[in-house]
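Biologist: I'd love to walk through this protein chain with you. Could you show me the sequence and the structure?

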Amino acid sequence: MPDLPAEPVDPGFPVVTLADLVSFRPATPALGGEPAGFGVVGMPANFVATASEQQLTGTLLGYPVTVRFTPIAFVFSYGDGSTLRAASGGTSWEASGLAQFTPTSTSHVYAERGTYATGVTIEHAAAVDFGTGWRPVEGVVTARSADYPVRVVEVRTALVDRTCVEHPSGPGC
C-alpha cells in the first residue's frame, strides 16, 4: 500500500516546496545592541533582534496565493566565532527590568577587544493559502540582518584623590 500524505492535499492545487517560494522573501530582520555599537571585554553585551510574522500576496504556480512567514528561531552570530540559537530575539535591559551589563538570554561576553561584525539569521516557517486555508511548506526560509558592528574595548579604573577638573594633569586626565 503506498504511503498517504500526512495532511490532505486540496484537489486542484499543487504541493508547494521551498524552491517554489523563491520570489517570496521575508523582510530583512533588524539587529541592535546594548550599549549601542560597543561592548566591554569580560562584560555582557546585550543583543536584540526584531522580526515578526509577515504575509505576502502574489501568484504562485499560476494561482493567486498568500504566503505567510512566521519566525521560529533566531541564530545570533557574534563575530568572534560564537553563535547562539534562541527562540526569541531577546529584549532590552530596560524592558527586562535589568541593569546594564546584566546577562540576558541573547547577550554575549567578548574575551578580547576589537571590532566585530555581528548579525542574526531568522528561520521562518512558511505556509501558503490558495483561498482554502493555510498549508505548511516543509523546511525553513531564512533572512539575515545587515552586519551590526560592535567595538569592544577594555575598561580600566584608577583610584585618585581629585577629579580631572580639580587636577587636570592627574592620572587618567
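**Fold, cores and charge pairs**

Modeller: Read along the sequence, the pattern of the protein chain is β-β-β-β-β-β-α-β-β-β-β. Helices are DSSP runs of H or I with at least four residues and strands are runs of E with at least two, numbered from the N terminus. This is a predicted model, in which local features need pLDDT of at least 70 and side-chain atom pairs count only at pLDDT 80 or more, while totals for chains, interfaces and linings use all residues. Residues are numbered from 1 along each chain as its sequence is written, and side-chain values use heavy atoms, with hydrogens and water left out.

Biologist: Thanks! What radius of gyration does the protein chain have?

Modeller: The radius is taken over C-alpha atoms, and the globule rule is 2.2 Å times the number of residues to the power 0.38. The C-alpha atoms fill a box of roughly 85 × 35 × 30 Å along the principal axes. A compact globule of 173 residues would have a radius near 16 Å, but the protein chain has 24 Å.

Biologist: Which elements give two or more residues to the largest nonpolar core?

Modeller: Such a core is a set of buried Ala, Val, Leu, Ile, Met, Phe, Trp, Tyr and Cys residues joined through side-chain atoms within 4.5 Å. Buried means under 20% relative accessible area, exposed over 50%, and partly exposed in between, with a 1.4 Å probe and protein chains only. Of its 15 residues, L31, F47, A49, F74, F76, Y110 and V120 touch the most other members. The elements you asked for are β3 (44–50), β5 (63–77), β8 (114–129) and β10 (148–153).

Biologist: And how many residues does the second, separate core have?

Modeller: Its members include F24, L60, V67 and A126. In soluble globular proteins, nonpolar side chains tend to be buried together. The second core's residue count is 12.

Biologist: Is R85, the salt-bridge partner of E123, buried or exposed?

Modeller: A salt bridge puts a side-chain nitrogen of Lys or Arg within 4 Å of a carboxyl oxygen of Asp or Glu, and for R85 and E123 the closest N and O atoms are 2.7 Å apart. R85 lies in strand β6 (residues 83–86) and E123 in strand β8, so the pair ties together parts 38 residues apart in sequence. E123 counts as buried at 15% relative accessibility. With a relative accessible area of 54%, R85 is exposed.

Biologist: Which residue forms a salt bridge with D147?

Modeller: The closest N and O atoms of this pair are 3.4 Å apart. The partner is partly exposed, with a relative accessible area of 39%. D147 pairs with R144.
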